[in-house]
Amino acid sequence: MELNLRGKTAFISGSTSGIGFATALTLLQEGASVIINGRNQEGINNALERLKSQFPQSNINGIAADFSNPKEVQLLIEKLPNIDILINNVGIYKSQTFFETTDDDWQNQMEVNLMSGVRLSRNLLPKMLERNWGRILFISSECASLVPEDLIAYSTTKASLLAISRGLAQLTKGKGVTVNTIIPGSTLTEGAVDFLEDVAEKENKTKEVVANDFFKEVRTSSLLQRFASVDEVASTITYYSSPLAAATNGAAIKIDGGSIGGIL
Ligand SMILES: NC(=O)c1ccc[n+]([C@@H]2O[C@H](COP(=O)([O-])OP(=O)(O)OC[C@H]3O[C@@H](n4cnc5c(N)ncnc54)[C@H](OP(=O)(O)O)[C@@H]3O)[C@@H](O)[C@H]2O)c1
């Protein structure tokens, strides 16, 4: 399927690794120009090198900015060229009980997970509306609905993305701009692999057994009963970034392996 992404420029927050990096690869494969982001230049250079080795002819750049620091976000926004596709991907979490979660923990997760997308969209959406074309995607999580006990703050930020996404979509009536939320389930990023390896070592198991146990004992509602690959998530994000997805607006799209349940 030709996604007609040639000539489009995408910015992906938090994309030197994980789902963001995989999405950068898929967008480049489809001919889009991509600007990646991470907290420091070293991480960006490393990611750019890996992307450029696969797509030497493509237009790929990176801008360092830590989304927990509003001043750095402002500087990033000033450096951005015209962006056709904004992927609000950056997200952090801290596993802890509700009673251990301090104001700083709440504020940090709100800043990175929610305010990153608020600030970028406030700047970029008006320009997309003026040009009458654009895509904004908020990357939420199955946790928005499942709300694991040790991730209440994270899950709250991820649920808030559904509201901002729907609200912004309502500002696009009659225009060629869409705003949607993508809801991934458990995904096998580099971070997830490290976590499985750590637990495997501690419990003297293989990482495959630890992964199977996770779905048998924790994410029991998953119909997929395995981690999604970053490519499975990235290909869906890339489709909804494309002109072909013009009729999907204000939607929440699940790539959760069926974990959330329900018919909608
Ligand atoms: N993985 C999952 O199972 C899963 C499931 C559901 C939803 N999600 C959501 O999907 C999104 C991507 O998840 P992921 O697992 O791929 O993430 P990840 O692997 O933890 O993401 C790492 C990326 O985020 C960047 N980053 C971290 N903190 C940052 C900050 N303060 N400012 C700028 N960049 C920052 C890192 O850059 P540097 O290290 O270079 O700074 C790196 O590029 C997140 O919103 C997450 O909540 C993930």
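## Strand 5 and its cover

A residue is called buried here when its relative accessible area is under 20%. The model under discussion is predicted, and by that cut-off strand 5, which spans residues 134–139, is mostly covered, with 6 of its 6 residues buried. The side chains and backbone positions of this strand can be sorted by direction: Gly134, Ile136 and Phe138 point one way, whereas Arg135, Leu137 and Ile139 point the other way, and all of them are buried.

Strand 5 has a parallel neighbour in strand 4 (residues 85–88), to which it is joined by 4 bridges, and another parallel neighbour in strand 6 (residues 177–184), to which it is joined by 6 bridges. On the strand 4 side, Ile85 has Arg135 as its bridge partner in strand 5, and Leu86 has Ile136 as its partner there. On the strand 6 side, Arg135 stands opposite Thr178, while Ile136 stands opposite Val179.

## Strand 4, strand 1 and the link through helix 4

Strand 4 is covered on both faces, with Ile85 and Ile87 on one side and Leu86 and Asn88 on the other, all of them buried. Besides its pairing with strand 5, strand 4 runs parallel to strand 1 (residues 9–12), and 3 bridges join the two; within this pairing, the partner of Ala10 in strand 4 is Ile85. Ile85 therefore counts as buried in a strand whose two faces are covered, given that buried means under 20% relative accessible area.

Strand 4 and strand 5, together with helix 4 (residues 103–131), make a right-handed β-α-β unit. Ser116 lies in helix 4, and this residue counts as buried because its relative accessibility is 2%. The C-alpha atom of Ser116 is separated by 5.9 Å from that of Phe67, although the two residues are 49 residues apart along the chain.

## Strand 6 and strand 9

Strand 6 is also mostly covered, since 8 of its 8 residues are buried. On one side of this strand are Val177, Val179, Thr181 and Ile183, and on the other are Thr178, Asn180, Ile182 and Pro184, so that both faces are covered under the cut-off for buried residues.

In addition to its bridges with strand 5, strand 6 pairs in the parallel sense with strand 9 (residues 252–255) over 4 bridges. One of the residue pairs in this arrangement is formed by Ile182 and its bridge partner in strand 9, Ile253.

## The loop after strand 1 and the start of helix 1

Ser15 has its place in the loop between strand 1 and helix 1. Ser15 counts as buried because its relative accessibility is 0%, and its side chain reaches the backbone oxygen of Ile12 at 2.7 Å.

Gly18 lies in helix 1, and this glycine is buried because its relative accessible area is 10%. Gly18 and Asp256 are 238 residues apart in sequence, and their C-alpha atoms are 16 Å apart in space.

## The ligand and its surroundings

There are 28 residues around the ligand, and of these Thr16, Arg39, Asn89, Tyr154 and Lys158 come nearest. The residues of this shell divide into 9 nonpolar, 16 polar and 3 charged.

Oxygen atoms of the ligand take part in several polar approaches to the protein, some through backbone atoms and one through a side chain. A polar backbone atom of Ser17 is 3.3 Å from an oxygen atom of the ligand, and a polar backbone atom of Thr187 is 2.8 Å from an oxygen atom of the ligand. From Lys158, a polar side-chain atom lies 2.7 Å from an oxygen atom of the ligand. On its own the ligand has 900 Å² of accessible area, of which the protein covers 84%. The elements that give two or more residues to the surrounding shell are helix 1 (18–29), strand 2 (33–38) and helix 6 (152–169).

Technical notes: Residues are numbered from 1 along each chain as its sequence is written. This is a predicted model: local features need pLDDT of at least 70, side-chain atom pairs count only at pLDDT 80 or more; totals for chains, interfaces and linings use all residues. Side-chain values use heavy atoms; hydrogens and water are left out. Buried means under 20% relative accessible area, exposed over 50%, partly exposed in between (1.4 Å probe, protein chains only). Two strands pair if DSSP finds at least two bridges between them. A crossover is right-handed if, with the strands pointing away from the viewer, the path from the first strand over the helix to the second runs clockwise. A residue is near a molecule or strand if one of its heavy atoms lies within 4 Å of it. A polar contact is a pair of N or O atoms within 3.5 Å; within protein, one must be able to donate a hydrogen and the other to accept it, and residues adjacent in sequence count only if both atoms are side-chain atoms. Accessible areas come from the Shrake-Rupley method with a 1.4 Å probe; for residues, only the protein chains shown count as cover. Ala, Val, Leu, Ile, Met, Phe, Trp, Tyr, Cys and Pro count as nonpolar, Asp, Glu, Lys and Arg as charged, and the others, Gly among them, as polar.
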